[in-house]
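User: I would like to learn how to read the charged and metal-binding features of a protein model. Could you take me through them step by step?

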Amino acid sequence: MSIKKIITFPNPVLREKAQKITTFDDKLKKLAADMGETMYDAPGVGLAANQIGIARQIVVVDISENEDEKKYIALINPVISDGEGSVVGEEGCLSVLEYESKVKRFQKIRVTAQNLEGEEIDFEAEDRLARIIQHEVDHLHGKLFIDHISRLKLTLYKKKLKKILKNK
Ligand code: NI
């Protein structure tokens with residue numbers, strides 16, 4: 001396993017649409033393991049392959065019940081097939097430096113995906129897990145959580161980011 005470099009906004013790689021995965025081999029398992037390690041090192045609760053420069057449809061999502069558990073699932077070719085309810089909650093992203101904002105998401109979703117063996121999986125998720133999955137699936141479509149915020153907030157963030165990057 002190895003920790004990968006996380007790409008940050010406004011790098012255009014984050015806007016690429018991820019390609020569907022059709023080969024379920026050891027390389028894919030290694031990629032998932034690297035993504036899990038990279039996510040916990042950051043630390044974060046979700047990571048999409050685009051964020052480490054690989055435009056393929058795989059995300060890892062934390063499902064730990066306590067802080068030191070480090071338990072995650074890898075979702076391949078995930079699709080949110082249904083959603084209901086709406087909740088506003090605070091979000092951040094490992095690819096969006098020093099910024100958090102409220103984002104409206106479905107409260108409950110149905111997810112269809114494949115696991116690392118290529119088997120079809122279908123499940124429901126609510127609240128925190130539903131939010132993380134929606135955020136990560138957005139990444140696979142080249143979308144970031146800041147695409148959900150107002151133009152004014154985004155302008156202010158871009159100004160702030162310029163300063164952050166200058167001081168790095
Ligand atoms: Ni993110």
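Analyst: We begin with exposure, where a residue is called exposed when its relative accessible area is over 50%, buried when that area is under 20%, and partly exposed in between. The model before us is predicted, and Asp 68 makes a good first case: its relative accessibility is 69%, so Asp 68 counts as exposed.

User: Where is Asp 68 found, and which residues form the negative surface patch?

Analyst: Asp 68 sits in the loop between β2 (58-62) and β3, and together with Glu 65, Glu 67 and Glu 69 it forms a negative patch on the surface.

User: Which residues gather in the patch of positive charge?

Analyst: Lys 159, Lys 162, Lys 163 and Lys 166 make up that surface patch. Lys 162 belongs to helix α3 (residues 151-166), and because its relative accessibility is 65%, Lys 162 is classed as exposed.

User: Next, how should I read a salt bridge, and how many does the structure hold?

Analyst: The general idea is that side chains of opposite charge can pair when their charged atoms come close. In this structure there are 12 salt bridges. One of them joins the side chains of Lys 30 and Asp 34, with 2.8 Å from N to O, and both residues lie in helix α1 (residues 26-41), 4 residues apart, which is about one turn of the helix.

User: Are Lys 30 and Asp 34 buried or exposed, or partly exposed?

Analyst: The two partners fall into separate classes when each is read against the cut-offs. Lys 30 has a relative accessibility of 42% and therefore counts as partly exposed, whereas Asp 34 has a relative accessible area of 3% and is therefore buried.

User: Which residue forms a salt bridge with Glu 90, and which parts does the pair tie together?

Analyst: Glu 90 pairs with Lys 102, their closest N and O atoms being 3.5 Å apart. Because Glu 90 lies in strand β3 and Lys 102 in strand β4 (residues 96-114), this salt bridge ties together parts that are 12 residues apart in sequence. Glu 90 is partly exposed at 43% relative accessibility, while Lys 102, at 54%, counts as exposed.

A further bridge brings together the side chains of Lys 108 and Glu 124, at 3.8 Å from N to O; here Lys 108 in strand β4 and Glu 124 in strand β5 (residues 120-126) are 16 residues apart, and the pair links distant parts of the chain. Both count as partly exposed, Lys 108 at 23% relative accessibility and Glu 124 at 49%.

User: Which residues are linked in a network of salt bridges?

Analyst: Such a network links Glu 91, Arg 105, Arg 131 and Asp 138.

User: Finally, which residues are the protein donors of the nickel ion, and how are they spaced in sequence?

Analyst: To read a metal site, one asks which atoms are the donors, and then where their residues lie. The protein donors of the nickel ion are SG of Cys 93, NE2 of His 135 and NE2 of His 139, at 2.0 to 2.2 Å from the ion, and their spacing in sequence is C-x41-H-x3-H. Since Cys 93 lies in strand β3 (residues 72-93) and His 135 in helix α2 (residues 127-140), that pair ties together parts that are 42 residues apart in sequence. Cys 93 has a relative accessible area of 13% and is therefore buried, and His 135, at 7% relative accessibility, also counts as buried.

Definitions and conventions:
Residues numbered from 1 in each chain as written. Predicted model: local features only at pLDDT ≥ 70, side-chain atom pairs only at ≥ 80, totals over all residues. Heavy atoms only, no water. Patch = residues over 30% accessible without salt bridge, like charges linked within 9 Å, V, L, I, M, F, W, Y side chains within 5 Å. Areas by Shrake-Rupley, 256 points an atom, 1.4 Å probe, with all protein chains shown as cover. Salt bridge = Lys/Arg side-chain N within 4 Å of Asp/Glu carboxyl O. Lys, Arg positive; Asp, Glu negative; His and termini not counted. Charge placed at Lys NZ, Arg CZ, Asp CG, Glu CD. Helix = DSSP H or I, 4+ residues; strand = E, 2+ residues; numbered from the N terminus. Buried < 20%, exposed > 50% of the residue type's maximum accessible area, 1.4 Å probe, protein only. Donors = N, O, S within 2.8 Å, 3.2 Å for Na, K, Ca; no water.
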